[in-house]
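Please load the structure in a viewer and keep the selection tool ready. The stops below say what to select next and what is there.

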Amino acid sequence: MALSGMRGLSVFISEIRNCQNKEQERLRVDKELGNIRTRFKNEKGLTPYDKKKYVWKMLYIFMLGYDVDFGHMEAVSLISAPKYPEKQVGYLVTSCLLNENHDFLRLAINTVRNDIIGRNETFQCLALTLVGNIGGREFAESLAPDVQKLLISSSCRPLVRKKAALCLLRLFRKNPDVVNVDGWSDRMTQLLDERNLGVLTSSMSLFVALVSNNHEAYWSCLPKCVKVLERLARNHDVPQEYTYYGIPSPWLQVKTMRALQYFPTVEDPNTRRSLFEVLQRVLMGTDVVKNVNKNNASHAVLFEALALVMHLDAEKEMMSQCVALLGKFIAVREPNIRYLGLENMTRMLMVTDVQDIIKRHQAQIITSLKDPDISIRRRALDLLYGMCDVSNAKDIVEELLQYLGTADFTMREELALKAAILAEKFAPDLSWYVDVILQLIDKAGDFVSDDIWFRVVQFVTNNEDLQPYAALKAREYLDKPAIHETMVKVSAYLLGEYSHLLARRPGCTPKEIFGIIHEKLPTVSTPTISILLSTYAKILMHSQPPDPELQNQIWAIFSKYESCIDAEIQQRAVEYLTLSRKGAALMDILAEMPKFPERESSLIKKAEDTEADTAELSAIKLRAQQQASTALVVTDQRPANESPQVSQLAMVKIPSMNNMENNSVDQELTQANGILGEVEPQPPTHAPDADILGDLLSPLAIEGPPGVSAKSEHNIVSGIEGPLSEDDALALAPVGEQDNVVKPIGDVAERFHALCLKDSGVLYEDPYVQIGIKAEWRAHQGSFVLFLGNKTTSSLVSVQAVILPPSHLKLVLSSVPEIIPPRAQVQCPLEVENIRPSRDVAVLDFSYKFGTNMVNNKLRLPAVLNKFFQPTPVSAEEFFPQWRLLAGPPLKLQEVVRGVRPMSLGEMANLLNSLRLVVCPGLDPNASNLVATTTFYSESTRALLCLVRIETDPADRSQLRMTVASRDPTLTFELKEFIKEHLVSIPTASRPPPQPQIAASDPGALLAGLL
Amino acid sequence: MIHFVLLISRQGKVRLTKWYSPYSQKERSKVIRELSGMILTRGPKLSNFVEWRGFKVVYKRYASLYFCMCINQEDNELEILEIIHHFVEILDRYFGSVCELDLIFNFHKAYYILDEILIAGELQESSKKTVARLVSAQDSLVDAAKEEANSISNIIAQATK
């Protein structure tokens, strides 16, 4: 084969290839684009050949990654050409240049439809391929019936029908309603009888999607699937061309077994027997052979069979065969098989009680932790994490610690977190736990998040027996020549609190302790200096009788920092200096920290969050999550000597770092400050909130205008506390608290707030159920899909979901099945229509029965005001006339807002953007002001432009003036209040804004982008 | 489901891309950059799977070209690996021992072939014979149209002589 058959195209491609560097390539591409643009401009002179040539060039340039922002019209117009060669090019280039979100695609719908319903088979194929590859929602709505007709038509040839099956699959993914379940179960049964394997393979893919959505409707297809498997795997009844390296269509076998995994069980004994016969044959009859492709294909089938056996929870005998096979796989040299062995072993942990058998392979798994392939190392880490319990925690954690020194940077944070969690969950004794965490900080300080060291401090504070040991360890680490700053923090903290317990040991006099800590001061950052100052104050307090030399030394340091530019350090220095001169009073103020209230481990919480926050809730994912929750249950059986009974499901959430900078020391300061500053005493209601290492609500924190900021702080607490506070009553509204023995996992209010800013994620989760949500918004309408997932191994019954709509929304929820089978997930579409502007919130009243417990939750639905916004950037010419036209109240409202949470202008702009109010830079000449615009849609108002101006005062970030204008007085008012809520009440305050850093790693977020 | 197919040369040059999930051009470039960084640097004796942003990328190297397909975490990796090989075998049959140059200059042909193998990120046809038949049928349709056009232009040319 030589060149492309199009001279101009081949020449262009070789010229691109000959470019010496990227710069030359870009120049060549720009030149070509300019050329194509001019040619397209006077279209009359273009022959069909030229047109084809140019759109191919465009596609080539686009494929190389350059933007091609013109010519889409020409590509799309080729679709309607009468002759095959042009049409073919038009369809292919369009399907590569555009994606489902391009408006241009709409232009093509009619032509595409005509080709689909036309009689020309080759045109039908082209059209179905395009729709199957890039069809979106609109295609789904207008084309699905025609595509269905082709699929079941007896007069269509297989080449059309197989394309129709996959095309329908795509449309179904875009809008599940296009396949009417009632009609389809019979048709599907017939389709599975298909003899042509091309059509059958495509239909099976369609079937997998249908059954994953709702298996109830397709019970009649189950025996057909088993028949297909028998035909392939037992009878080898397939044409030669459909065997692949001697294996009867491995792909079809895999898909069929995948489909069967969506049925909770196989009840009919005959079908079951036939199925197990086939599975047995696959499990036993798969040998390792030399040919790579044959090996891969047969093992693809084998691993799918394993998954099916695990799912059906087959007889013990078969399960032990599976474990034996997996044990063999994780020891082989072939990396793919080893990888899959580890992965499937991890899955197996979740479904059956095979922990003990798997433990036998521990040594082998640890070897894989040192494999040269990072993919394998990751699987090994996951498996070790999953199989860890009290009996093997010591070995596993020590392996992880050892591995930490050599692990890839990309894995270290996860590794550190996992080691810390395992150490905490399964510590045989607490001194070991302290050892592990300190080693962790020592070896991988950069990757140890603050939660980890906060947690160890918490444990030590709450366990008196542990204190001397921890202090001694901290002292030992300080002797090391170069230690990580986190180690300085934790050692300084521990020694400040407990070094007096070591006083009689060599090298542990207050003076020596002070000396060794103070050595580190020049190398540490500002937040750590604050901690060191507190430590010095504590050392001073503990050195009784006072050592004048030490005293002078420390006082000198305090005096030095009295003029420090950092306000926090300065304040501490001033206060400690004054306090330490008061003599005896110092003793009370700097007394040892009281015990922390018991709470959920922030680490475990963190690990859970990363696992749970995902839009994709397939059956297997649900299984994975279920594992996470069973893992937590194990923790309740902690050894008796471990006093802190950490209740895993407790809802008290630890405020995250941004609120709690230096929180370790803040609590002391609270007291200190209380005496010095005569600040009004803490309101008693806040007292129980004393938080892990420090108190967020310490009087120190109150700096803004008292009235408003007190309110905003109350809101911070509500964000943190979840179900306890009034503000969130709506979110959880427990109907008779005794009834709701089931505690939600994660903070329901927080999940709701997160979903106000994004369109997919988890709305609610408890140990049995997870409710995910995915939404799409178009003008005043929206459609949700609720994903109701049963995480358990038995059915959830009496499932009910009722929508309590506020008066401004019209909500239609499709029927919700009364029973959710084990580990299954049902999707319930919910249509929303916005009638008029309002900030009221719709509520989903969701209940189900698990065992004898009736669980009921009222959950706020994120169908909030900003979902009906369409970000609309506006130019100065458009903005100012409008702004002047809307002269004053009630169309234009202005308000001075106080108690605004501290944020930079950039953060504020991000906040507005995330509310879909697009910030228009340059409109306001004053750089500390923001102007934002959006279009609001509702049935009564239609599209309305909204204008917002925010004037900030660089000198005082806690207040601003906001002006909001629109043509509708209600909208203006509601919008103003809405923005105010977000500026003041800080729904996301208990957690740093999740989007940016998650984006890279969060499959949910990424998926939301894909879907 | 396959979210996208990438063909990248050992030097990191893009030879073919096909996206079954909607990505913007900017995201596409980012994906390609990230994945070439991860995959091209991997040694020869490692597994064919890379975990990436919650997805899995199954890849295989044929001479100087890497064939990559991105799938969901729970999809069957080996099945996809053999879809890659299936694709390569069909290319090989069509071009007659295919090489990178064939795919560079005939990227459009590679697209037509891929469209006969995958739709919506799912396998459409597992018979090499059937795919070959369909692709050559398309080719002959194009040739027939060309001949027709030529003969018409001949007639016109003669008539206007």
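Select residues 987-1011 of chain A: pLDDT stays under 50 over this stretch, for which the model has 47 contacts beyond four places in sequence. This is a predicted model, and where pLDDT is low, the predicted coordinates should not be read in detail. Colour chain A by confidence next. Its mean pLDDT is 79, and 82% of its residues reach 70 or more. Among the elements of chain A, the lowest mean pLDDT, 33, belongs to helix 33 (residues 619-635), and the highest, 96, to helix 13 (residues 250-260). Widen the selection to residues 612-740 of chain A, where the pLDDT is below 50; beyond near neighbours in sequence, the model gives this stretch 265 contacts.

**A buried glutamate**

Go to A:Glu974, which is placed in helix 40 (residues 969-984) of chain A. Is A:Glu974 buried or exposed? Its relative accessibility is 12%, so A:Glu974 counts as buried. Show what surrounds this residue: leaving aside neighbours within four places in sequence, A:Glu974 is in contact with A:Pro837, A:Ser838, A:Arg839 and A:Leu865. For A:Leu865, the C-alpha to C-alpha distance from A:Glu974 is 8.5 Å, with their positions 109 residues apart in sequence.

**Cysteines**

How many disulfides are there over all chains? The count is zero. Select A:Cys156 and A:Cys125 to see one case. The closest cysteine sulfur to that of A:Cys156 is in A:Cys125, at 9.1 Å, which is too far for a bond because a disulfide needs the sulfur atoms within 2.5 Å. In chain B, B:Cys70 is in no disulfide either, and the nearest cysteine sulfur, that of B:Cys68, is 9.9 Å away. Both A:Cys156, at 15% relative accessibility, and B:Cys70, at 0%, are buried.

**Aromatic rings**

Turn on the aromatic side chains. Over all chains there are 33 aromatic pairs. Take A:Tyr339 and B:Phe49, whose ring centres are 5.0 Å apart and whose planes meet at 55°, so the pair is tilted. A:Tyr339 is in helix 17 (residues 335-351) of chain A and B:Phe49 is in strand 3 (residues 49-52) of chain B, so this pair joins two chains. A:Tyr339 and B:Phe49 are both buried.

Then select A:Phe879 and A:Phe880. They make an edge-to-face pair, with 5.3 Å between the centres and 85° between the planes. A:Phe879 is buried at 3% relative accessibility, whereas A:Phe880 is partly exposed at 29%.

For a cluster, select A:Phe12, A:Trp56, A:Tyr60, B:Phe107, B:Tyr111 and B:Tyr112, which are linked by ring pairs.

Two charged side chains over rings come next. A:Arg581 lies over the face of A:Trp555, 4.7 Å from the ring centre. A:Lys418 lies over the face of A:Tyr385, 5.0 Å from the ring centre.

**Salt bridges**

Side chains of opposite charge can pair when their charged atoms come close. Over all chains, the structure holds 67 salt bridges.

Start with A:Glu32 and A:Arg28, whose side chains meet in a salt bridge at 3.0 Å, N to O. Both residues lie in helix 2 (residues 22-41) of chain A, four residues apart, about one turn of the helix. Each of the two, A:Glu32 and A:Arg28, is buried.

Next, select A:Arg572 and A:Glu568, a salt bridge whose closest N and O atoms are 2.7 Å apart. Here too the partners, both in helix 30 (residues 567-580) of chain A, are four residues apart, about one turn of the helix. A:Arg572 is buried at 0% relative accessibility; A:Glu568 is partly exposed at 24%.

Move to chain B and select B:Glu100 with B:Arg15. Their salt bridge has its closest N and O atoms 2.8 Å apart. B:Glu100 is in helix 3 (residues 100-105) of chain B and B:Arg15 in strand 2 (residues 14-19) of chain B, so the pair ties together parts 85 residues apart in sequence. B:Glu100 and B:Arg15 are both buried.

The last selection is A:Arg378, A:Arg379, A:Asp382, A:Glu414, A:Lys418 and B:Glu51. Salt bridges that share partners join these residues into one network.

Definitions and conventions. Residues are numbered from 1 along each chain as its sequence is written. Chains are lettered from A and ligands numbered from 1 in the order in which they are written. This is a predicted model: local features need pLDDT of at least 70, side-chain atom pairs count only at pLDDT 80 or more; totals for chains, interfaces and linings use all residues. Side-chain values use heavy atoms; hydrogens and water are left out. Buried means under 20% relative accessible area, exposed over 50%, partly exposed in between (1.4 Å probe, protein chains only). Contact means heavy atoms within 4.5 Å. pLDDT is the predictor's confidence in each residue, from 0 to 100. Rings of Phe, Tyr and Trp (its six-membered ring) pair if their centres lie within 6.5 Å; planes under 30 degrees apart count as stacked, over 60 as edge-to-face and the rest as tilted. A charge sits over a ring if NZ of Lys or CZ of Arg is within 6 Å of the ring centre and within 35 degrees of the ring normal. A salt bridge is a side-chain nitrogen of Lys or Arg within 4 Å of a carboxyl oxygen of Asp or Glu.
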